[in-house]
Amino acid sequence: MTTYTPKSILITGAAGFIASHVANRLIRNYPDYKIVVLDKLDYCSSLKNLLPSRSSANFKFVKGDIASADLVNFLLITEEIDTIMHFAAQTHVDNSFGNSFEFTKNNIYGTHVLLEACKVASGQIRRFIHVSTDEVYGETDEDAVVGNHEASQLLPTNPYSATKAGAEMLVMAYGRSYGLPVITTRGNNVYGPNQFPEKLIPKFILLAMKGQPLPIHGDGANVRSYLYCEDVAEAFEVILHRGEVGHVYNIGTKKERRVIDVAKDICKLFSLDPEAVIKFVENRPFNDQRYFLDDQKLTNLGWSERTLWEEGLKKTMEWYTTNPNWWGDVTGALVPHPRMLMMPGIDNGSSGSSQQAVITKSNSQSRMVVRVPKSGSAGGVASPRKPSLKFLIYGRTGWIGGLLGKICEKQGIHYEYGKGRLEDRSQLIADIQNVKPTHVFNAAGVTGRPNVDWCESHKPETIRTNVVGTLNLADVCREHGLLLMNYATGCIFEYDAEHQEGSGIGFKEEDKPNFDGSFYSKTKGMVEELLNEFENVCTLRVRMPISSDLNNPRNFITKISRYNKVVNIPNSMTILDELLPISVEMAKRNLKGIWNFTNPGVVSHNEILEMYKNYIDPDFKWNNFTLEEQAKVIIAARSNNELDASKLKTEFPELLSIKDSLIKYVFEPNKKVHANGIA
């Protein structure tokens, strides 16, 4: 048996369920292979699924869509790809009944783009492994004792399986017409950790955890076969190295289970009474009775199922009980008949004519941003539109509040500014009833006029807005089932023995505030702790905000460039041009909890002013003074710290470090303006 050894593998859809287990396994077992993972980060994929690989030297993540021909061609050439493992697809049958055009676009058109790129690469690709499904065979006869083998006729019965069968035909055609070295796999159902809970097993586990009914389509007599995710990852490892070009391989198990029996087994794990919690609901438009595969061909390559059902189900249950919020708000996925339009994080619209492909490499600080034209429209057929967003924003006259309105206008998001005062509950309720928002943003707050020293002599006003008003808004939003995006501050920490200046050890989201040197910081630390009691709040710790508008007196750069003297100390800071759009995306994803809302790393006052001199004003000069000297000219102490932004960086891997962001969003744009003599 010949063995194939790849050098550079492109895995599509690698932040999804099955592909992430495959990617993590290959990266772990084969450090000499370069693994490039491509994913557009749709609703059912998450970079958290790739956490085990993020620090590996042979791992590179690319955010992008397989439907972008320019991006795919670029990757094949620049990364010297010789192997493609194509997992990217829309896979949930229920979704395909309500949004079938998306399935055609992703599953057929996306696959076609990949194949065409391989053809253009002219002999560079040595393996193209196409991941299909057992559903392309259609129903297996109830009394069949031998499963569908690889040469069985394809008889798909739903839009999802039809698009997968169509994609297979393209793969086969490119293999025959152009000699592309293709291999196709067709697999049974897969279950295990990290799976988005639209699928049966994770859905039932999460519902059981919540004590809610388990909905079963029809009478629950439909039969399915289930394989544990790590066994499936091993199957792909075997097929990669030992699979023969031009062949199809079933990845299956002969152990079958009725849906109702799966529900009962999950009830048993949670000590629930099946009679009390199982609920029978209307069936799908068409629900195949049985899928049964003959996996002898794969067995001949040396693979076999290892994980017993009871063992795999227990591992899966333990993972979800340990990570209940892995996917955030999944309410829309837990209903009996979910549709894609109900899922968090879906955006079927487009706000521009181009998309940004962000390439990040885990073992270096280098990043490459590639602008590529948006391609892959589904033949002029419009996708169903998701319910439109509508933001209610507080802080109209504030800096951040004003910028939020501009971002909404740019993205085509409906928004209105709140008219009520935060401390007046009846006014807030009236705002929500009139606007009917999907999300509420709180950018209102007292930060001082012109600085935090003002708060020292205006304590009642500071408390009224920063504490009472914020809690009032959070509670009203909670009563109306609304997520509150609350812009807070990171100025509630100061360097200490565990977080020393220059150590690179920053304060994490779970750390308790240790700085109350100003009344402003004291109120902010107090309200942050109280907001932890509200499950509907996303707290964003902003620090020393900076924007590209160097004429704005609230801009940190504008401030220090106008001071006679400045202290020189490194701090975490927030580049608003980059991070405010991210906060809008966080709202779309329904993210909650506390987030250090700063760019990774720190930058000192002198480093910023040196950039200012190099990019803006070559004649600029400044003087330093010590913290002790500064204390003599200010009323309240100032906070200096480093915040650990790794949580935000994990969710948004394209996020730039503070210095890179300063150059890209602030100094480079202003340098061009200055050079043109406009400044």
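This passage walks through a predicted model of one protein, going from the whole chain to its sheets and then to single residues.

Taken as a whole, the predicted protein has 22 helices and 24 strands. Of its 679 residues, 55% are buried. The accessible surface comes to about 28900 Å², and carbon and sulfur atoms account for 50% of that. When contacts with a separation of 6 or more are considered, 81% of them link residues that sit 24 or more positions apart.

One good place to start is an open sheet of 6 strands, with the order β16-β15-β17-β18-β19-β22 and parallel pairing. Its edges are β16 and β22, each of which pairs on one side only. Going from one strand to the next, the twist averages 20°.

Inside this sheet, β19 (residues 537-542) sits between two partners. On one hand, 6 bridges tie it to β18 (residues 483-489), and the two strands run parallel. Here Ala488 stands opposite Arg541 of β19. To get from β18 to β19, the chain passes through helix α16 (residues 519-531), making a β-α-β crossover that is right-handed. On the other hand, 4 bridges link β19 with β22 (residues 593-596), again in a parallel arrangement. Arg541 turns up here too, this time opposite Asn596 in β22, while Thr539 has Ile594 of β22 as its bridge partner. Helix α16 itself packs on the sheet and touches β18, β19 and β22, with its direction at about 150° to that of β18.

How many residues of β19 are buried? The count is 6 of 6, so this strand is largely enclosed by the rest of the structure. In a regular strand, side chains take turns pointing to the two faces of the sheet. For β19, both faces are covered: Val537, Thr539 and Arg541 are buried on one side, and Cys538, Leu540 and Val542 are buried on the other.

A single residue of the neighbouring strand gives a closer look. Met485 belongs to β18, and it counts as buried because its relative accessibility is 0%, where the cut-off for buried is under 20%. Leaving out neighbours within four places in sequence, Met485 is in contact with Val440, Phe441, Asn442, Cys538, Leu540, Ser583, Met586, Ala587 and Leu591. Cys538 and Leu540 in that list are among the buried residues of β19. Met485 and Ala474 are 11 residues apart in sequence, and their C-alpha atoms are 9.3 Å apart in space.

Leu648 tells a similar kind of story further along the chain. This residue lies in helix α21 (residues 646-651), and with a relative accessible area of 0% it is buried. Setting aside residues up to four places away in sequence, Leu648 touches Leu579, Ile582, Met586, Trp595, Asn596, Phe597, Thr598 and Leu655. Asn596 has already appeared as the β22 residue opposite Arg541, and Met586 was listed among the contacts of Met485. Leu648 and Trp595 are 53 residues apart in sequence, yet 6.7 Å separates them in space, C-alpha to C-alpha.

Helix α12 (residues 399-411) also packs against parts of this region. With 13 residues at 1.5 Å each, α12 should span 18 Å, and its end C-alpha atoms are 19 Å apart, which agrees. Its buried residues are Trp399, Ile400, Gly401, Leu404, Gly405, Ile407 and Cys408. What do these buried residues pack against? Their partners are β15 (390-394), β16 (414-417), β17 (439-442), β18 and α18 (576-588). Just after α12 comes Gly412, with a positive phi of about 75°.

Elsewhere, there is an open sheet of 3 strands, in the order β7-β9-β11, and its pairing is mixed. Strands β7 (189-191) and β11 (256-258) stand at the edges with a single partner each, so each has one side without a neighbour in the sheet. The twist here averages 50° from one strand to the next. Strand β9 (residues 223-228) is joined to β11 by 3 bridges, and the two run antiparallel. Within that pairing, Arg224 has Arg257 of β11 as its bridge partner. Helix α8 (residues 259-269) lies across β9 and β11, at about 85° to β11.

Definitions and conventions: Residues numbered from 1 in each chain as written. Predicted model: local features only at pLDDT ≥ 70, side-chain atom pairs only at ≥ 80, totals over all residues. Heavy atoms only, no water. Pairing = 2+ DSSP bridges. Axes fitted to C-alpha atoms, helices over the stretch in contact; angles between N-to-C directions. Contact = heavy atoms within 4.5 Å. Buried < 20%, exposed > 50% of the residue type's maximum accessible area, 1.4 Å probe, protein only. Right-handed = clockwise from strand over helix to strand, strands pointing away. Areas by Shrake-Rupley, 256 points an atom, 1.4 Å probe, with all protein chains shown as cover. Expected span 1.5 Å × (residues − 1).
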